[in-house]
Amino acid sequence: MFSLLTLHGCNPSKEKISVSVSDTNLTSRITGQIPPVPIIYTKEETPEKTEINTKKELTLLAVGDNLIHIQTIKSGLKKDGTYNFDHLYSTLKPEIEAADIAVINQETILGGKEFPYTGYPVFNSPTEIGDALIHAGFDVVLHASNHALDKGYPGIENTLEYWSKYPMITVLGINKSQEDKDRIKIIEKNGIKVAMLNYTYGLNGFSMPKDKPFLVNLLDKSEMKKDIKKAKEQADFVIVFPHWGTEYVYEPDNNQEDLARFFAEEGVDLVIGTHPHVLQPVTWNVSDSGHPMLIYYSLGNYVSYQKEAPRMLGGMAHITLTKENDITYISKAGITPIVTHYESAGDSSYKVYKLEDYTVDKAVRHGILKLQKESSFTVAGIRKLAKQILGDWNTDYKQYPYPIK
């Protein structure tokens, strides 16, 4: 899985390289000898440099569920009938763009205008959502969710057709063919190869067409075991993005914990979960063989029009990968709590903020105050909940607390 990098001294031009003493007069005065004749090398004869210890770094950012309710769609409708959703990502765009790899979970299918735009419980979103993700700087879009088949095969077909126009975006979790499903998606940046896998627990009762069992990746251990093995052979670092867990519960359920042990034993390096629509803890899992794996059990919602305070709180994961010679490991990690803000269903006040930047002035204008039934939305309450769930991880990006290489 790992490769050893050796640097060789070379000159990109075809000119000769001259190596000489910088001050021949000084040399002769000190030694009383005639300085040596400068050695001339052609490019082909240049001596190789000795092997050196190289260190490379890659930054990863990930956010949770891009849950596009009909009210969210209305917020992007313009007077001329077109849609633009850049406002949903504008506040955090600088951080998204700065990451070497930025990931978002696209909870809803981008079936486009061929179908009516719909929200809960059977979603269909405009392809202009995809436009906004590209403009914001995302590199990887996760599509394995329980809503992937909300519009059947045509919905997935339309989504893949849309993304095919943007080959710089890596799409995970849905596939156009068995060959596509079998191929491990790898991004290589800064000399580090990162393999990424995305699966969902189910499809809300919908079934894949019998002649297209490859459409959506499911949390099937036998299939995942094969994928992880191939990923480890082809990449320096393996990430799994599972769509899992129990909605609105702040702790991982038994199934999540079982799968986490499975991933660790199989040699996965990082797990970033979605689906519960609320934050869940960040922790380390060390396999019986001593392999460390970092887990973000759930990043909650990135954006939604849900109606209870805890569902407005999400997380933005930050990870730095470091590669030293043939070893790649997590050197830094953290999570930044974020808040979804909307005031009315159809305006561009709809935005996402870092919790640390979210003010009482904004909170008293939040539209959730008119909708919530089981909670009480306040800045103090959201901060308390973030601390309750994240504990010591309720800090920004820093040296991670389990320094294993």
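**Helix 10 and the helix 7–helix 8 contact**

In helix 10, Val379, Ile382, Leu385, Ala386, Ile389 and Leu390 are buried (under 20% relative accessible area with a 1.4 Å probe, protein chains only; exposed is over 50%, partly exposed in between). Seen down the axis of helix 10, these buried residues fall within an arc of 125°, so they line one face of the helix. The model is a predicted one: local features need pLDDT of at least 70, side-chain atom pairs count only at pLDDT 80 or more, and totals for chains, interfaces and linings use all residues. Residues are numbered from 1 along each chain as its sequence is written, and side-chain values use heavy atoms, with hydrogens and water left out.

Helix 10 spans residues 379–390 (helices are DSSP runs of H or I, at least four residues; strands are runs of E, at least two; both are numbered from the N terminus). Ala380, Lys384 and Gln388 are exposed on the face turned away from the buried side. The cover over the buried residues includes strand 11 (282–286), strand 14 (313–324), strand 15 (327–341) and helix 9 (360–363), with contact meaning heavy atoms within 4.5 Å. Just after helix 10, Gly391 takes a positive phi of about 55°.

A second feature is a helix pair. Lys221, Met224, Lys225, Ile228 and Lys232 of helix 7 meet Asp258, Leu259, Phe262, Phe263 and Glu266 of helix 8. These contact residues divide into 5 nonpolar, no polar and 5 charged (nonpolar: Ala, Val, Leu, Ile, Met, Phe, Trp, Tyr, Cys and Pro; charged: Asp, Glu, Lys and Arg; polar: the others, Gly among them).

Key: The expected span of a helix is 1.5 Å times one less than its number of residues. The arc is that of the directions from the helix axis to the C-beta atoms.
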